[in-house]
Amino acid sequence: MEIRFFGRLGERIGREIEIEPPPPGCTVGELRVLLAALYPDAAEELASMSTRACIDDTIVGEEAAVDPARAVEFFPPVSGG
């Protein structure tokens, strides 16, 4: 499964990683926990609810199901005007 990271997460983990697909029914929240175990240096950013998750270019909540065939990305908080 391919996962992309932006901002600090991209610096700590890498811009793009490949992991074994999580079990069926895995949620974004569960994926965060899995990634934090794999990358403990990034656990704080991964756990932060200000770090948003996107699936196929749509911001999703923690209960969204993760599908290994769909793009998953994590973005840091952003500001704008």
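The chain has three helices and five strands, and I should state at the outset that this is a predicted model. Reading from the N terminus, the elements follow the order β-α-β-α-α-β-β-β. The radius of gyration is 12 Å, close to the 12 Å that the globule rule gives for 81 residues, so the chain is as compact as a globular protein of that length. For its extent, the C-alpha trace spans about 40 × 25 × 20 Å along the principal axes.

Let me turn to the sheet. The five strands form an open sheet in the order 2-1-5-3-4, and the pairing is mixed. At the edges stand strand 2, residues 16-18, and strand 4, residues 58-60, each of which pairs on one side only. From one strand to the next, the twist averages 30°.

I shall now go through the pairings, beginning with strand 1. Strand 1 covers residues 2-5 and is joined to strand 2 by three bridges, the two running antiparallel. Within this pair, I3 is placed opposite I17 of strand 2. Strand 1 is also joined to strand 5, again by three bridges, but here the two strands run parallel. In that pairing, F5 faces F74 of strand 5 as its opposite residue.

What joins strand 3 to strand 5, and how do the two run? Four bridges connect them, and their direction is antiparallel. One opposite pair places I55 across from V72 in strand 5.

In general terms, side chains in a regular strand alternate between the two faces of the sheet.

Next, the packing of a helix on this sheet. Helix 2, residues 28-38, lies across strand 1, strand 2, strand 3, strand 4 and strand 5. Strand 3 here is residues 52-55 and strand 5 is residues 72-75. Relative to strand 5, helix 2 runs at about 75°.

I close with values for the chain as a whole. How much of the chain counts as buried? Of its 81 residues, 36% fall in that class. The accessible surface amounts to about 4900 Å², and carbon and sulfur atoms contribute 54% of that area. Finally, consider contacts along the sequence. Among contacts with a separation of 6 or more, 50% are made by residues 24 or more positions apart.

To restate the central picture: the strand order is 2-1-5-3-4 in an open, mixed sheet, with helix 2 lying across strands 1 to 5.

Notes. Residues numbered from 1 in each chain as written. Predicted model: local features only at pLDDT ≥ 70, side-chain atom pairs only at ≥ 80, totals over all residues. Heavy atoms only, no water. Pairing = 2+ DSSP bridges. Axes fitted to C-alpha atoms, helices over the stretch in contact; angles between N-to-C directions. Contact = heavy atoms within 4.5 Å. Rg over C-alpha atoms; globule rule 2.2 N^0.38 Å. Buried < 20%, exposed > 50% of the residue type's maximum accessible area, 1.4 Å probe, protein only. Areas by Shrake-Rupley, 256 points an atom, 1.4 Å probe, with all protein chains shown as cover.
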